[in-house]
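Hi there,

Here is the structure I promised to pass on to you. Have it open while you read, and I will walk you through what turned up in it.

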Amino acid sequence: MKEEALNRLKQQLFLSIYDQAFRASGMEVFNKITEEITTFLNASATSLWIKHIRVAESETRLGYYQSSPSQDLGRQDYKVTSRVFYSGEATNDKMIDSFGNTWYYRCQPFQCEDTAGCYCIWFETSSQDDFSYDFWVELGEKLGLITDRLLKCARFDCQRILKELTAAEKMQSSLLPAKLPEIPGISLGFRNLMANEVGGDYLDIFTLKDKRLGIVVGDALGKGIPGAFTMLTTRSVFRFLVRANLEPDVLMSQVNLCLAPELISQNMLVTLFYGIYNPEDMTFQYTVAGHNPPVIFRKQNRQYGILLGKGLVIGGKSSTSYKTYTTSFNKGDILIVYSDGLKDAKNSEQKPFGVERIGETIRNYSEYDAEAISDCLAHKLMHFCGNKLGDDISFVVLKVE
């Protein structure tokens, strides 16, 4: 783009952004700003992020506007901006989403007084190359200045917001198992660690009508309030359907059938693992919807591995089928079902905790009961990442005694 035309566009865009900042009310102003940027630059989507003011190494998406109908763009936006937050460097690149579509993007960090953040603009073609490096930097400076001023404005009642978040945190904590089921021959433990005040992980443990034990762990795309709302909806649907005592594959298909229309419309996805332990014959039936395979420790050879199985993520398609897998346990065997925040948690050198450390921790403390193993794993994890969580973490430990 010629310099004269670029300067004219830049002035018009900045004036429009300032106009939205004064006219819009509440937090909706940030969605309006991203919409203006998307429209002016003929882009497909724009997001505006800031670093969380209370949780280290965590970010919050203030605004997002998408003109493209792609179901996967919101997920890719989260991945790209997370990398830019960690590196602190601007990124100008392209990627291919899970549907085979090619997207070009520019992700630019900014810093203004007390506010650090970034913006990401998505194009269907390499249109971002039409704009100079100085253009992207100046846009970041303007967005940083506006964001900093708006967040300090009195109309954003921070104390009220914090009180509401605290109430939401208490409500979400109350949905965790208050008392673990008492099943002969096993011990149970679990932990739920949230990166923000509220989180997008789903963890549940319950007894079915025929005295079998049900375990479900899920992970909604994104942290904070969007993830929490998605998790609450998933829990409600799952709890309702589980009353029918359906086999894992059938239940998972029904969950997807109920949730997919809304998830697709909101560009959200949910991974789920659901397993049923039968204490009579020590068998474990399970199904997987895009979730991490659990880690299994076998006492006989003191080796750990993963349970095989796969299935489409919830919300990936409006209708899909799943498969039930079966494995057998022996006394001393230990199973851990977890959300991806556990294995992906990073230390100061950006190295992930990984499946190997999960397995080694279980092996080192395999003589303990499930509750003590949960304590040891949580301690190892927090020590590894310096007590700084980048994502929600949930896990369930089941040990056959």
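Let's start with a pair of strands: S7 and S8 (residues 213–220) are paired in the antiparallel sense, over seven bridges. One pair you can look up is Leu-203, whose bridge partner in S8 is Val-217. Before you go on, please keep in mind that this is a predicted model.

Those two strands belong to something wider. S7, S8, S9, S10 and S13 form, in that order, an open sheet of five strands with antiparallel pairing. Which strands stand at the edges? They are S7 (201–207) and S13 (325–328); each has a single partner strand, so one side of each is left without a neighbour in the sheet. On average, neighbouring strands here are turned by 15 degrees against each other, if direction is ignored. A helix also packs on this sheet: H7 (residues 248–265) touches S9 (270–278) and S10 (283–289). The direction of H7 makes about 160 degrees with that of S9.

Next, have a look at helix H3, which covers residues 73–87. Its 15 residues reach 21 Å from the first C-alpha to the last, close to the 21 Å expected at 1.5 Å a residue. Among the buried residues of H3 are Leu-73, Tyr-78, Val-80, Val-84 and Phe-85. What covers the buried residues of H3? The cover includes five strands: S1 (45–51), S2 (59–66), S3 (91–96), S4 (102–112) and S5 (115–123).

After H3 comes Gly-88, which has a positive phi, near 75 degrees. You will find Gly-88 in the loop between H3 and S3. Is Gly-88 buried or exposed? The result falls in between: its relative accessibility is 46%, so Gly-88 counts as partly exposed. Gly-88 is 20 residues away from Gln-108 in sequence, and the two are 8.7 Å apart in space, C-alpha to C-alpha.

Two of the strands that cover H3 also pair with each other: S3 and S4 do so in the antiparallel sense, over six bridges. Asp-93 stands opposite Tyr-105 in S4. S3 and S4 make a hairpin with five residues between them, and Gly-100 in the turn has a positive phi of about 90 degrees.

H3 comes up again in the second largest pocket, which holds about 1000 Å³ of space. This pocket has a lining of 45 residues, and nearest its centre lie Arg-75, Tyr-78, Lys-79, Asp-340 and Asp-344. H3, S8, H7, S9 and helix H8 (340–344) each give two or more residues to the lining. Which element gives the largest share of it? That is H3, with seven residues.

One more hairpin is worth a look. S11 (residues 295–298) and S12 (residues 303–306) pair in the antiparallel sense over four bridges, and Ile-296 has Gly-305 in S12 as its bridge partner. Four residues lie between S11 and S12, and Arg-302 in the turn has a positive phi of about 55 degrees.

Arg-302 leads us to Arg-363, in helix H9 (residues 354–364). Arg-363 has a relative accessibility of 18%, so it counts as buried, the cut-off being under 20%. Leaving aside neighbours within four places in sequence, Arg-363 is in contact with Phe-297, Arg-302, Gln-303 and Tyr-304.

Happy exploring!

How values were computed:
Residues numbered from 1 in each chain as written. Predicted model: local features only at pLDDT ≥ 70, side-chain atom pairs only at ≥ 80, totals over all residues. Heavy atoms only, no water. Expected span 1.5 Å × (residues − 1). Buried < 20%, exposed > 50% of the residue type's maximum accessible area, 1.4 Å probe, protein only. Contact = heavy atoms within 4.5 Å. Pairing = 2+ DSSP bridges. Axes fitted to C-alpha atoms, helices over the stretch in contact; angles between N-to-C directions. 1 Å grid on protein atoms, 1.4 Å probe; cavity = no way out; pocket = protein on both sides within 12 Å on 5 of 7 lines; lining within 4 Å. Points joined across faces, edges and corners; volume = space filled by probe spheres on them.
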